Amino acid sequence: MAQSILKLNGTQIVDGAGNPVLLRGAGIGGWMNMENFITGYPGREYQIREALAEVIGEEKSQFFFDKFLEYFFTESDAKFYKSLGLNCIRVPFNYRHFEDDMNPGVIKPDGFKWLDRIVDLCAAEGIYTILDLHTAPGGHNGDWHSDAGHHIAEFWRHKHFQDRAVWLWENIAAHYKDNVWIAGYNPLNEPCDPTKTRLTVWYDRVYDAIRAADPDHLLFWDGNTFASDFSCFNIETCKRWTGSVYACHDYSNFGFPLSPEQYTGSEAQRARVRRSYEKKVAWMKENNLPIWNGEFGPVYARRQYDGDATDGINTSRISLLKDQLDIYDDENIPWSIWTYKDIGYQGMVYVNPETKYMKLFRNFLEKKFRTAIDAWGADESHVKHIWDPLEKFFADNVEEKYRGLYPHPVWKFENRISRISRNILLAEYMVKEWADHFDGMGFEELDEIAQSFRFENCIQREELNKVLQDHRDVHRK
Ligand SMILES: O[C@@H]1[C@@H](O)[C@H](O[C@@H]2CO[C@@H](O[C@@H]3CO[C@@H](O)[C@H](O)[C@H]3O)[C@H](O)[C@H]2O)OC[C@H]1O
């Protein structure tokens, strides 16, 4: 039977013949939406692109980033991914690939180049893709991955930004409407609408826009506040959204350095991990709706930073991951772990420390670690003594009742201060320093550096990959 577009049968995703298809795989973070901890730069993608162009010129800078995009995911990656038995890859992308802020409403001539390429590379191996708008105009959440450069999610305050994202989806849906290897569209990653009233209004609009062009592909809707909260979803509105799956992101605090206790898998800890998942999916369960866990996964210790504690930490993180995967097996839900490839913090494969890129940035990366400049999995031990008095200053001057600024309590009062001051403010000062590493380089050298990201120059995180393989098609319901 010819391949056909995936659809829903009740809460299950099925193929054209009605056979269940359990979509399990990873997200390819840091690629069509570059991220600081994934590729090693400070701040935001748009900042480093601008800074590199300033240092080596527009042409060479464009060349470097194109080469980076080319090498980051090739046929070798697709084949390796397939060899693990994973069947779906979530592809986060930045709207800037398609539209120039200075020329809105016009698809760039090469807009679909990279997305088409990965969809085809994966299709050739029988891997589905889920297209995820990770970065929308104006910033739809306050974190670095929305590539906005500030922490206020302006997307929700400007209809103009919302219109542009709807228009982009119209174009994408029209482009891929017949592609059977696309499992579906994930219209917005981790929205953070502080009013909790605008998100579903926008979802309703984008639903109509996508469906006008493409009546069939599945839609994967992230909950509000980093895909954790569905309290603002109205079930009557959602009944209208045919072919819809609801996406939580199930990160556990135990998987990160800021966790006050190491995960040992005690009964109490396992119960907490379960509770955290159940809280995120409660609304879907109450309404008998399909669930997708679009992101989860711990970060890992690195010997160069964590020394002798490395193995112990990683054993604990892997055991957390296994316990999470057991829950998803019990629940029979599809998932997409974060993330496929990086420079060595979370990826299933990571760039070899002996490559040109890693050698060039060795000291810089050490400084990034020491200053805890990236928000993701920050280890604050080297800077805590500096931020403690700052946090005390804020606490002394902000009454308790005024401390709960959105997205509180996900961003705690203290976290907000360090997050904004380091991840945005300090990072801004380090952007040019990153770009200066490329000063004086020619095309050949830039190409060699970008090649560091090739699959052949990466190390496989075998323990992680083995665990994913063990769970790729287990379901107990
Ligand atoms: O691009 C990804 C991005 O999508 C993702 O964002 C973070 C997800 O987690 C958020 O914090 C969690 C909120 O829920 C709590 O229960 C968890 O304990 C928190 O970890 C965080 O603010 C987002 O930035 O993650 C990594 C990026 O690379």
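**Cysteines, ligand shell and strands in a predicted model**

Let me begin with C192, whose sulfur lies 11 Å from the closest cysteine sulfur, that of C232, which is too far for a bond. I should say straight away that this is a predicted model, so please hear every distance I quote as a value computed from predicted coordinates. C192 also counts as buried, because its relative accessibility is 3%.

C458 can be described in a similar way: the closest cysteine sulfur belongs to C122 and is 16 Å away, too far for a bond, and with a relative accessibility of 14%, C458 counts as buried. For the structure as a whole, the number of disulfides is zero, the cut-off being a pair of cysteine sulfur atoms within 2.5 Å.

C458 also leads us to the strands, since in β13 it is the bridge partner of V351. Strand β12, residues 349-351, is joined to β13 by three bridges, and the two run antiparallel. Both belong to an open sheet of three strands, in the order β11-β12-β13, with mixed pairing. Which strands stand at the edges of this sheet? They are β11, residues 341-342, and β13, residues 458-460; each has a single partner strand, so one side of each is left without a neighbour in the sheet.

Elsewhere in the chain, β3, which covers residues 24-27, runs parallel to β10, residues 335-338, and four bridges join the two; in that pairing, R24 has W335 in β10 as its bridge partner. Strand β3 is also joined by three bridges to β4, residues 88-94, and this pairing is parallel as well, with A26 standing opposite I89 in β4.

Let me turn finally to the ligand, which is surrounded by 17 residues, the closest being E35, H134, D143, E190 and N253. How is that shell made up by class? It has eight nonpolar, four polar and five charged residues.

As for individual contacts, an N or O atom in the side chain of N253 is 2.4 Å from an oxygen atom of the ligand, while for the side chain of D143 the corresponding distance, again to a ligand oxygen, is 2.5 Å. The side chain of R419 likewise places an N or O atom 3.2 Å from an oxygen atom of the ligand. Taken alone, the ligand would expose 580 Å², and the protein buries 89% of that area.

Terms used
Residues are numbered from 1 along each chain as its sequence is written. This is a predicted model: local features need pLDDT of at least 70, side-chain atom pairs count only at pLDDT 80 or more; totals for chains, interfaces and linings use all residues. Side-chain values use heavy atoms; hydrogens and water are left out. A residue is near a molecule or strand if one of its heavy atoms lies within 4 Å of it. A polar contact is a pair of N or O atoms within 3.5 Å; within protein, one must be able to donate a hydrogen and the other to accept it, and residues adjacent in sequence count only if both atoms are side-chain atoms. Accessible areas come from the Shrake-Rupley method with a 1.4 Å probe; for residues, only the protein chains shown count as cover. Ala, Val, Leu, Ile, Met, Phe, Trp, Tyr, Cys and Pro count as nonpolar, Asp, Glu, Lys and Arg as charged, and the others, Gly among them, as polar. Two strands pair if DSSP finds at least two bridges between them. Buried means under 20% relative accessible area, exposed over 50%, partly exposed in between (1.4 Å probe, protein chains only).
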